[in-house]
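Here are a few notes from my pass through the model, written for whoever opens it next. Have the viewer up while you read.

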Amino acid sequence: MYSTTVKTLLLLSLALCVFADGGEHHEPDTTELERSFLEWCIERGTQHNLEIAYFEQEGGEKLRGVAAAVDIKEGETIVEIPIDKLFSPANAKKSDLAQIFNDRNVPWTDDMMLTVWFMYEILQHNSPWEPYLNLVQQSPVESMAIYWDDEVLGHYSSNLIQITHQRLARISNQYAALFPYLSTTYSDIFGGENAQYFTWAQFKWAWALISSRYWYLPIHGEHHKFMVPMADLINFGDAYSTAEIDEKNDSFKIVAQQDFNKGDQIFFWYTDDCQDWIWVEYGFSHPSIAKCEEYQPKEFKESELDH
């Protein structure tokens, strides 16, 4: 439970969790971690016209995002990455955990598979995903509603309490479907001393990171959730770009729907969900997001386009 002082500070900090369209563009000032990530993207065949940049928001805080590294014309590709380089269920089934992800005794969903794969890869020395996962782990999750207690949730909306409980129940049920089965059946990976890395708290944390970053598009005729290195650094805002799977080139790409000048911040409209669900799934607010007028239970359908 939070103390009164901590709750007050949390509410004040959450009030600042706004992705604002615009913001003053600062010249790229990448960290060593970010430079390593950018080099890794290029080595893996990612093509892009972007640069990591920081944008000053109201109050003086800086928000990391991406900006056009060159002038980009309408119809041009902003970023493109081969499908076999996505952090996706299909690639998870080709990983070191292929046998596990093809185990039919586990009711695998995209959420579960990506979360377990993420948890496994961050423990591996020299993981092929290391530069990307290092960057992802920097992302805070405390602004997501699944980390608030009911008093904080109720401050924003009584509906938010119900929505958050629904989401937590979903995550909890998924964890229960995986453990202790994985820790006993595949004890060399998930059991023994390694069990400390696959706790409920770790699962919830990894699940939250993936929830706030995944894309959902049809790949070879089937919708799947997946993570896209580089593209998932794009902040939420009024979108003048579209995402698609290029079946001919077997790649994911984002295409400009307007001209961008060098230095313009690039945005993407993640979802049409109302504000309560945005707090749960992403952990921010935005003036363009509609309020939830009443409790809206969400059906987790494979047809929903979500980010």
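Which side chain does the side chain of T242 make a polar contact with? Keep in mind throughout that this is a predicted model.

1. The partner is Q257: its side chain and that of T242 make a polar contact at 3.1 Å. If you're picking out the pair on screen, start from strand β9, residues 241-246, which is where T242 sits.

2. Q257 has company around T242. Leaving aside residues up to four places away in sequence, T242 also touches K253, I254, V255 and F268.

3. Is T242 buried, exposed or something in between? T242 comes out as partly exposed, because its relative accessible area is 32%, and that label covers the range between under 20% (buried) and over 50% (exposed).

4. One longer-range pairing to check by eye: T242 and G75 are 167 residues apart along the chain, yet their C-alpha atoms are separated by 9.8 Å.

5. Now over to the helices. The axes of α5 (residues 110-121) and α8 (residues 158-178) come within 11 Å of each other and cross at roughly 65°. That angle makes α5 roughly perpendicular to α8, since the roughly perpendicular class spans 65 to 115 degrees. The crossing of α5 past α8 is right-handed.

6. What does each helix bring to the contact? From α5 you get D111, M112 and V116, and they meet R170, Q174, A177 and L178 of α8. By type, the residues of this contact split into four nonpolar, two charged and one polar.

Definitions and conventions:
Residues numbered from 1 in each chain as written. Predicted model: local features only at pLDDT ≥ 70, side-chain atom pairs only at ≥ 80, totals over all residues. Heavy atoms only, no water. Axes fitted to C-alpha atoms, helices over the stretch in contact; angles between N-to-C directions. Helix = DSSP H or I, 4+ residues; strand = E, 2+ residues; numbered from the N terminus. Parallel < 35°, antiparallel > 145°, perpendicular 65-115°, else oblique. Left-handed = near helix turned anticlockwise from the far one by under 90°. Contact = heavy atoms within 4.5 Å. Nonpolar A, V, L, I, M, F, W, Y, C, P; charged D, E, K, R; others polar. Buried < 20%, exposed > 50% of the residue type's maximum accessible area, 1.4 Å probe, protein only. Polar contact = N/O pair within 3.5 Å; in protein donor to acceptor, adjacent residues only side chain to side chain.
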